[in-house]
Amino acid sequence: MAIVTPKGRFDRADVRAALAGGLAFLERVQLDSGEFRVVTSLRRDMTGDCEPDPSIFPTALIAHCLSFAPAANLMRDRGLAFLLAQRDRHGLWRHWTRDHPFFRQLPPDMDDTCCVSAALATAGSTDGADPALLLANRDAQGMFLTWIMPRARWMGRAHMRVTLPQLRHLVTLWFFFKKTSAAPADVDAGVNANCLHYLGSFPGDARVVERLVGILRRGGEPDADKWYENPFVLWYFFARALGDRSEEARGLLLARLDAAPPTSALEIALSIAARLYCGAMPPDELIDALLARQSSDGSWPRAPVYFGGRERRRDGSLAPAHPDTPHWGSEELTTGFCIEALARVSRTEAA
């Protein structure tokens, strides 16, 4: 995907030093497998006890972030090797790793699959998911369905070949949808943005673009996606998917970011990166605020990036999250987004 490049030059020694510190932190903590750690917590502030939860999504996001820092190529490639080792025989990905106790309790999904595939593609790899298979996983309105699973209507031969084996585990599949906020017909805006990010231009992409722009137009972000309750995360995904596709989306996103002061290092980094995807240089005060929040070990504080979801009501709105809903995040994941923000700021030149 082409990226709208903001005009202007930003070159500061303190930015370069912070970037180097963040990269050194990630290099120290990357696991031998290439995975980057993520933890889960029932607390939205992720303070207190947090449990490790080996998952695909965080490493996929961090690998994308590292693609903006050439010095991190080796670290990124180790992360991509980990992701490739987690691919199923159909070239798809689930949220949890193969050795996770709940790995077989959920179907492959579009969010993990597209984010992994996009990170691979950015690195020049052709080992991502088959676009034709992903394009088949759409509803009658042309929107991407979150879960890759058997459907009552014909989705194509390739889709049937991939999903038919799941019928041997119908009880497990039933329990997954019964015990979680997931539903077979889920259509989530952040997921669709990540599908656009990977797939680029394809027949019917205008429908997805228009639906996402429509969400921004009417201020529908609070009910747009089950899995992302922080609007800065959603705006980041929207910006990287729509930044080079829609002038209206760029204007709406920049207006949102101008009106919503970020309150954490994660939100600051996402705000900077989203602005850059929309072709706008971030203000100096955002850069200063991000540098001020870096820890002495080079990391930035953990904060939840996604969570266990909310039930969608019949009217299309999302119910409040259950108090026992888990949140996922880590110092590694926050630091990945901060590295993307600082790497892109430090290398930005006049278009």
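Select serine 67: at a relative accessible area of 17%, this residue is buried, where buried means under 20% relative accessible area, exposed over 50% and partly exposed in between, with a 1.4 Å probe and protein chains only. Serine 67 sits in the loop between helix H2 (57-66) and helix H3 (73-85). Helices here are DSSP runs of H or I with at least four residues, strands are runs of E with at least two, and both are numbered from the N terminus. Show Arg76 and Thr122 as well, since serine 67 is in contact with them once its neighbours within four places in sequence are left aside. Contact means heavy atoms within 4.5 Å.

The model is predicted: local features need pLDDT of at least 70, side-chain atom pairs count only at pLDDT 80 or more, and totals for chains, interfaces and linings use all residues. Residues are numbered from 1 along each chain as its sequence is written, and side-chain values use heavy atoms, with hydrogens and water left out.

**Whole chain**

Zoom out and colour by secondary structure. The chain has 14 helices and four strands. The C-alpha trace spans about 60 × 45 × 40 Å along its principal axes. The radius of gyration is 19 Å, which agrees with the value near 20 Å for a compact globule of 351 residues. That radius is taken over C-alpha atoms, and the globule rule is 2.2 Å times the number of residues to the power 0.38.

Switch to a surface. The chain exposes about 15000 Å², and 54% of this comes from carbon and sulfur atoms; the areas are from the Shrake-Rupley method with a 1.4 Å probe, and for residues only the protein chains shown count as cover. Of the 351 residues, 57% count as buried. Among contacts between residues at least 6 apart in sequence, 72% join residues at least 24 apart.

Colour by charge next. The chain carries 41 positive and 42 negative charges, and their mean positions are 6 Å apart. Lys and Arg count as positive, Asp and Glu as negative, while His and the chain ends are not counted. Each charge is placed at NZ of Lys, CZ of Arg, CG of Asp or CD of Glu.

**Salt bridges**

How many salt bridges does a search of the whole structure find? The search finds 16, a salt bridge being a side-chain nitrogen of Lys or Arg within 4 Å of a carboxyl oxygen of Asp or Glu.

Select aspartate 288 and arginine 12. They form a salt bridge whose closest N and O atoms are 2.7 Å apart. Aspartate 288 lies in helix H13 (residues 284-292) and arginine 12 in the segment before helix H1 (13-29), so the pair ties together parts that are 276 residues apart in sequence. Both ends are partly exposed: aspartate 288 has a relative accessibility of 38%, and arginine 12 has 21%.

Move to arginine 37, which is partly exposed at 30% relative accessibility. Its side chain meets that of glutamate 331 in a salt bridge of 3.3 Å, N to O. Glutamate 331 is in helix H14 (residues 331-347) and arginine 37 in the loop between H1 and strand S1 (39-41), so this pair ties together parts 294 residues apart in sequence. Glutamate 331 counts as buried, at 18% relative accessibility.

Add glutamate 332, whose side chain forms a salt bridge with that of arginine 37 at 3.1 Å, N to O. The pair links distant parts of the chain, 295 residues apart, with glutamate 332 also placed in helix H14. Glutamate 332 is buried, with a relative accessible area of 3%. To see the network, select Arg37, Arg302, Glu331 and Glu332, which are joined by salt bridges that share partners.

**Three more residues**

Go to methionine 46, in the loop between S1 and strand S2 (51-52). This residue is not a glycine, yet has a positive phi of about 55 degrees. Methionine 46 is buried, with a relative accessible area of 1%.

Next is valine 191, in helix H8 (residues 189-199). Is valine 191 buried or exposed? Valine 191 is buried, at a relative accessible area of 1%. Not counting residues up to four places away in sequence, valine 191 touches Met110, Asp111, Thr146, Asp225 and Trp227. For a distance check, take the C-alpha atoms of valine 191 and leucine 145: they are 46 residues apart along the chain and separated by 8.4 Å.

End at lysine 179, in helix H7 (residues 170-179). Lysine 179 counts as exposed, at 63% relative accessibility. Aspartate 324 is 145 residues from lysine 179 in sequence and 13 Å away in space, C-alpha to C-alpha.
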